[in-house]
Amino acid sequence: MDDLTGYRLLIADVYELAGESRRTSEGLAREAGHSAARWHVLSVVSDGPRTVAGAARRLGLTRQSVQRVVDDLVAAGQLELRPNPDHVRAPLVGLTGAGAATLDRLVHRSDADRGELLRRAGVSRAELDQARTVLRRLLFAMHESSG
């Protein structure tokens with residue numbers, strides 16, 4: 001198999017894994033009275049405030065679809081809009097205390113499920129770290145070439 005075929009197969013596997021993960025996340029979120037979309041947006045801003053466009057890029061979604069979820073989460077008191085010193089018209093989106101608590105509950109619910117998945121798959125932390133390193137290198141190179 002050549003490098004390009006390997007790359008295409010990797011991307012297909014990433015899409016499939018992401019799809020399966022979203023489906024199981026939707027079920028877990030629904031059990032907790034939320035949606036996977038809300039969970040994903042809470043998660044993507046959990047490492048620090050970012051713009052809606054930045055969150056959308058990270059999630060691989062359109063800015064408009066993420067904006068709708070952000071608006072719902074702001075109205076629910078889960079997220080807050082903060083001034084952005086770099087761009088007046090693009091506020092930063094950050095977690096509120098309530099949003100952090102919701103995210104903690106959702107993550108706690110999923111940890112047992114994901115832990116069991118890793119056990120069944122026989123995947124170690126070192127293997128996950130190696131896979132993530134490869135994906136991050138590819139993402140970095142893509143971001144560099146796109147400008």
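These legends describe close-up views of a predicted model.

**Figure 1. The whole protein chain, with 6 helices and 2 strands.**
Along the sequence, the elements follow the pattern α-α-α-α-β-β-α-α. The C-alpha atoms fill a box of roughly 50 × 40 × 25 Å along the principal axes. The chain has 147 residues, and 24% of them are buried. Among contacts with a separation of 6 or more, 48% join residues 24 or more positions apart.

**Figure 2. Helix 4, from residue 63 to residue 75.**
Helix 4 holds 13 residues. From its first C-alpha to its last, helix 4 reaches 18 Å. That is close to the 18 Å expected at 1.5 Å a residue. After helix 4 comes Gly 77. The phi of Gly 77 is positive, near 80°.

**Figure 3. The buried and exposed residues of helix 4.**
Which residues of helix 4 are buried? They are Val 66, Val 69, Val 70 and Leu 73. Seen down the axis of helix 4, the buried residues fall within an arc of 105°, so they line one face of the helix. Arg 68 and Ala 75 lie on the other side of helix 4, and both are exposed.

**Figure 4. What the buried residues of helix 4 pack against.**
Two helices and two strands take part here. The helices are helix 2 (36-44) and helix 3 (52-59). The strands are strand 1 (79-82) and strand 2 (92-95).

**Figure 5. The packing of helix 3 and helix 4.**
The two helices pack at an angle of about 115°. Their axes are 9 Å apart. That angle makes helix 3 roughly perpendicular to helix 4. The crossing of helix 3 past helix 4 is right-handed. Which residues meet here? Helix 3 brings Val 52, Ala 53, Ala 55, Ala 56 and Leu 59. Helix 4 brings Arg 63, Val 66, Gln 67 and Val 70. Of these, Val 66 and Val 70 are also among the buried residues of helix 4.

**Figure 6. Ser 65 in helix 4.**
Ser 65 has a relative accessibility of 21%. Buried means under 20% and exposed means over 50%, with partly exposed in between. Ser 65 therefore counts as partly exposed. How far apart are Ser 65 and Ala 37 in sequence and in space? They are 28 residues apart in sequence. In space, their C-alpha atoms are 9.4 Å apart.

**Figure 7. Thr 51 in the loop between helix 2 and helix 3.**
Is Thr 51 buried or exposed? Its relative accessibility is 19%, so Thr 51 counts as buried. Setting aside neighbours within four places in sequence, Thr 51 is in contact with Asn 84, Ala 90, Pro 91 and Leu 92. One of these contacts, Leu 92, belongs to strand 2 (92-95).

**Figure 8. Thr 102 in helix 5.**
Helix 5 covers residues 97-121. Thr 102 is buried, with a relative accessible area of 2%. Which residues does Thr 102 touch, leaving out those up to four places away in sequence? It touches His 34, Leu 42 and Gln 78. Leu 42 sits in helix 2 (36-44), one of the elements that the buried residues of helix 4 pack against.

Note on methods
Residues are numbered from 1 along each chain as its sequence is written. This is a predicted model: local features need pLDDT of at least 70, side-chain atom pairs count only at pLDDT 80 or more; totals for chains, interfaces and linings use all residues. Side-chain values use heavy atoms; hydrogens and water are left out. Helices (H or I, at least four residues) and strands (E, at least two) are DSSP runs, numbered from the N terminus. The expected span of a helix is 1.5 Å times one less than its number of residues. Buried means under 20% relative accessible area, exposed over 50%, partly exposed in between (1.4 Å probe, protein chains only). The arc is that of the directions from the helix axis to the C-beta atoms. Contact means heavy atoms within 4.5 Å. Axes are lines fitted to C-alpha atoms, for helices over the stretch in contact, and angles run from 0 to 180 degrees between N-to-C directions. Angles under 35 degrees count as roughly parallel, over 145 as roughly antiparallel, 65 to 115 as roughly perpendicular and the rest as oblique. A crossing is left-handed if the near helix is turned anticlockwise from the far one by less than a right angle, and right-handed if clockwise.
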